[in-house]
Amino acid sequence: RSFNWRLEGPFDSNYSLAILNSELSIALEKLNHNVSINITEGNGDYPIDLAFIQSNKDLYKIYKNEVKDNLPTINSRNMYPPRVKDSQARINILHSYGWEETQINQEWIDEFNNSLQGISVMSNTVKKILLDNGFSKPIAVSHLGVDHINQEEIDFYYLKAKKFKYLHISSCFPRKGIDVLLEAYRQLFSSLDDVTLIIKSFPNPHNNIKSKLRDFKNKYSDFPDVLYIDSDLKQSEMRSLYKQCDVLVAPSYGEGFGLPIAEAMLYKLPVITTDWGGQKDFCSSETSWLIDYEFEYSSSHFDLYSSVWAKPSIEDLKRVMYELYDNNNTSINLKLNKAFDLICSEFTWIKCAERNSQFVSKLLLLKQKLRPKIGWVTTWNTRCGIAS
């Protein structure tokens, strides 16, 4: 079936959440749904970057589209914070939702249960977290796609770096493990080594990587080479970044999915990541290099009372980083090929759209079957007025 389907959330940037919303909406239209979008955020509407929307002709076409009815059949959202109370279609869901630590705000869970018919999620880890926190409606694992990054020709991005290049791509939020990465990198190498750690991030209130780097350099005179990039790169430039680097390092404390990790596998980069989180749906000992960890209470900005995440081991991270340093043996290529095949076959936006479509079809069918049977039990065993 095809549906009138409205997607809501951010669309007008290269941030991962906007990429998710944009690519899913385009894929849903390719499946012949009548798709419209509403550009908004969890705290309300904001001035959109229309030039960015216009630069993507497929997305701009959807942006100009209107649903045939006043209310769409499906209203799906992915925004932060997750706003669901005012979603009023026949079927209301969060699509391809992600979360990164073990506890979710209980008010959000209550709102999800009261306002939604279901949630599709990025990974099996997110599904478990929702269930553990009391979400009681249907959940489907839709995963994400990665193939968007191959839509443009490579636009060469010049890197002033040494011969061997480790790459880290993240928001540099505390859960991204940047402290662990910098400490492991410092202990492994010095300024005399022909190696560079490239950190691609973007300015945000929780990103203090510049001050961290300054502290490390002041404390250790022989601190190894680091190249920090916080400018906004096009997908074509990101392709160039992946192509020029040797290893992706993602020692995260928690991931909903880990889009840069999957993108790196598409370019046959060896991936080092923590052995816990949403990335485990595609990161195994056969496709990546996993870091040991210990659970600890989360210190994220969500400030949740009993939430935990997985702190990666610095010693184990050092071991794996050194194992892959300038190493091109056959076993590495076997892993890279397995990772590439898995990402190409299962993690595309069409697959993600199909899983979301199948999910809402089941929710509609479930809603149609809900015909309550009502009975009365009374102590009045006579045909009197009260019994009537």
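This report walks through the parallel sheet of a predicted model, the helices around it, and a buried loop residue.

**The sheet**

Let us start with the strand order. Six strands, arranged β2-β1-β3-β4-β5-β6, make up an open sheet with parallel pairing. At its edges sit β2 (34-39) and β6 (139-141), each of which pairs on one side only. On average, and ignoring direction, neighbouring strands of this sheet are turned by 20° against each other.

Strand β4 (residues 91-97) is a good place to look more closely. Seven of its seven residues are buried, so β4 is largely enclosed by the rest of the structure. On one hand, β4 runs parallel to β3 (residues 74-77), with four bridges joining the two strands. On the other, β4 pairs with β5 (residues 118-121), again in the parallel sense, over three bridges. The table lists residues that stand opposite each other in these pairings.

| Strands | Residue | Opposite residue |
|---|---|---|
| β3 and β4 | Ile74 | Ile91 |
| β4 and β5 | Ile93 | Gly118 |
| β4 and β5 | Leu94 | Ile119 |

How does the chain get from β4 to β5? It passes through helix α4 (residues 106-115), and this β-α-β crossover is right-handed.

**Helices across the sheet**

Two helices can be followed over the strands. Helix α5 (residues 124-132) lies across β4, β5 and β6, and runs at about 165° to β6. Helix α12 lies across β1 (4-9), β3, β4, β5 and β6, and its direction is at about 150° to β4.

**Where α1 meets α12**

Besides lying across the sheet, α12 (residues 349-369) packs with helix α1 (residues 16-30) at an angle of about 75°, and the two axes are 8 Å apart. The angle makes α1 roughly perpendicular to α12. From α1, the contact draws on Leu20, Glu23, Leu24, Ala27, Leu28 and Lys30, while α12 brings in Trp349, Ile350, Cys352, Ala353, Asn356 and Ser357. Sorted by class, the contact of α1 with α12 holds eight nonpolar, two polar and two charged residues. A general point helps in reading the residue numbers on a helix: an α-helix has 3.6 residues a turn, so residues three or four places apart point the same way.

**An enclosed helix**

Helix α1 turns up again around α9 (residues 259-266), as one of the elements covering the buried residues of α9. Also included in that cover are α8 (235-244), β10 (247-250), β11 (271-274) and α11 (330-346). Seven of the eight residues of α9 are buried, so this helix is largely enclosed by the rest of the structure. Which residues of α9 are buried? They are Leu259, Ile261, Ala262, Glu263, Ala264, Met265 and Leu266. Just after α9 comes Lys268, with a positive phi of about 55°.

**A buried loop residue**

Our last stop is Ser307, found in the loop between β13 (293-297) and β14 (308-312). Is Ser307 buried or exposed? With 1% relative accessibility, Ser307 counts as buried. Setting aside neighbours within four places in sequence, Ser307 is in contact with Glu101, Thr102 and Gln103, as well as with Glu296, Tyr297 and Ser298.

Technical notes. Residues numbered from 1 in each chain as written. Predicted model: local features only at pLDDT ≥ 70, side-chain atom pairs only at ≥ 80, totals over all residues. Heavy atoms only, no water. Axes fitted to C-alpha atoms, helices over the stretch in contact; angles between N-to-C directions. Parallel < 35°, antiparallel > 145°, perpendicular 65-115°, else oblique. Contact = heavy atoms within 4.5 Å. Nonpolar A, V, L, I, M, F, W, Y, C, P; charged D, E, K, R; others polar. Buried < 20%, exposed > 50% of the residue type's maximum accessible area, 1.4 Å probe, protein only. Pairing = 2+ DSSP bridges. Right-handed = clockwise from strand over helix to strand, strands pointing away.
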